[in-house]
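Me: I am new to this structure and would like a close look at a single part of it. Please take one residue, describe its setting with care, and then work outwards to the elements around it.

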Amino acid sequence: DATDPDFLPNVEEEVCNIQSIVTSEGSSSLKILVGELATPNTVLTNLPQYSWVHLTCHGYQDPRPYASSFQLHNKDQMRLLELVQAQLSKAELAVLSACNTATGDVENAPDEVIHLAAAMQFCGFRSVVGTLWPMKDEDGPNVALEFYGYMFRRGQGHTPDFRDSAAALNHAVKSLQRAKVPIDRWINFVHFGL
């Protein structure tokens, strides 16, 4: 519903961009949870089976660190505490295509509040892509296309390496710069970890 302030009209395009790149490279280990399938319980049940996660949703920073969350279907919140308890032994890469996932300056919070991106590292993800402030929904599909295009650049027969994610984000950000996207939109994306 376009009148809903939580509506993200470009999620479908972002998911399609990722799906087209990953499936064209022969990877069969792609699980897409959108709409009614994107509940906290379903995501948390499936997450331990995968080494990469791409979350396209709203992110909420809370002064109580474990209460910070990702808003999924029907405005259900997947809280950090639930992610920490999920025991993600295969975790490698988390791409947080959501607002404020690397924001550390929450009002009325301690000086060293944990943000969503750092929390994903504590959950075991070795590389995390996040945002410093609210991102433009229209940038998600372009960043995903360039990011995953770089990650899967070697083609079929080559396993993508999560350690390429910083270079992939740099590649994606440069594509935004070339497209003359304003600086406050491309400088928003940050990488943590390997």
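Reply: Ser127 counts as buried, because its relative accessibility is 0%, and the cut-off for that word is a relative accessible area under 20%. The model in which this value was computed is a predicted one. Ser127 belongs to strand E6, which covers residues 127–131.

The side chain of Ser127 takes part in two pairings that can be looked at in turn. One is with the side chain of Ser165, where a polar contact of 3.4 Å joins the two; the other runs from the side chain of Ser127 to the backbone oxygen of Leu194, at 2.7 Å. Both partners return in the wider list of residues that Ser127 touches once those up to four places away in sequence are not counted, a list made up of Glu92, Leu93, Ala94, Phe162, Ser165, His191, Phe192 and Leu194.

Ser165 leads on to the helices, since helix H6 consists of residues 165–178 and packs against helix H5, residues 139–151, with the two axes 8 Å apart and at an angle of about 135 degrees. That angle makes H5 oblique to H6, and the crossing of the two helices is right-handed. On the H5 side, the residues that meet H6 are Asp139, Asn142, Val143, Glu146, Phe147, Tyr150 and Met151, while H6 contributes Ser165, Ala167, Ala168, Leu169, His171, Ala172, Ser175 and Leu176. Sorted by class, this contact of H5 with H6 holds nine nonpolar, four polar and two charged residues. Ser165 is thus named twice, as a polar partner of the Ser127 side chain and as one of the H6 residues that meet H5.

H5 also has a contact with helix H1, and here the axes come within 8 Å and cross at roughly 15 degrees. H1 and H5 are therefore roughly parallel to each other, whereas H5 is oblique to H6. The passage of H1 across H5 is a right-handed crossing. From H1 the contact is made by Glu13, Glu14, Asn17, Ile18 and Ile21, and from H5 by Gly140, Pro141, Ala144, Leu145, Tyr148 and Gly149. The classes in the contact of H1 with H5 are six nonpolar, three polar and two charged residues.

Within that contact, Asn17 can be followed a little further, as a residue of H1, the helix formed by residues 11–24. Asn17 has a relative accessibility of 14% and so counts as buried. Its side chain reaches the backbone oxygen of Pro141 at 2.9 Å, and, not counting residues up to four places away in sequence, Asn17 touches Pro141 and Leu145.

Another part of the chain offers a contrast in exposure: Asp76, which sits in the loop between strand E3 (69–71) and strand E4 (77–79), is partly exposed, with a relative accessible area of 34%. Leaving aside neighbours within four places in sequence, Asp76 is in contact with Pro40, Phe70 and Gln71. Pro40 is 36 residues from Asp76 in sequence, while the C-alpha atoms of the two are 6.9 Å apart in space.

To place these parts in the whole, the chain has seven helices and seven strands, which follow the pattern α-α-β-β-β-β-α-β-α-β-α-α-α-β along the sequence. Of its 194 residues, 45% count as buried. Among contacts in the chain with a separation of 6 or more, 72% are between residues 24 or more positions apart.

Definitions and conventions
Residues numbered from 1 in each chain as written. Predicted model: local features only at pLDDT ≥ 70, side-chain atom pairs only at ≥ 80, totals over all residues. Heavy atoms only, no water. Helix = DSSP H or I, 4+ residues; strand = E, 2+ residues; numbered from the N terminus. Buried < 20%, exposed > 50% of the residue type's maximum accessible area, 1.4 Å probe, protein only. Polar contact = N/O pair within 3.5 Å; in protein donor to acceptor, adjacent residues only side chain to side chain. Contact = heavy atoms within 4.5 Å. Axes fitted to C-alpha atoms, helices over the stretch in contact; angles between N-to-C directions. Parallel < 35°, antiparallel > 145°, perpendicular 65-115°, else oblique. Left-handed = near helix turned anticlockwise from the far one by under 90°. Nonpolar A, V, L, I, M, F, W, Y, C, P; charged D, E, K, R; others polar.
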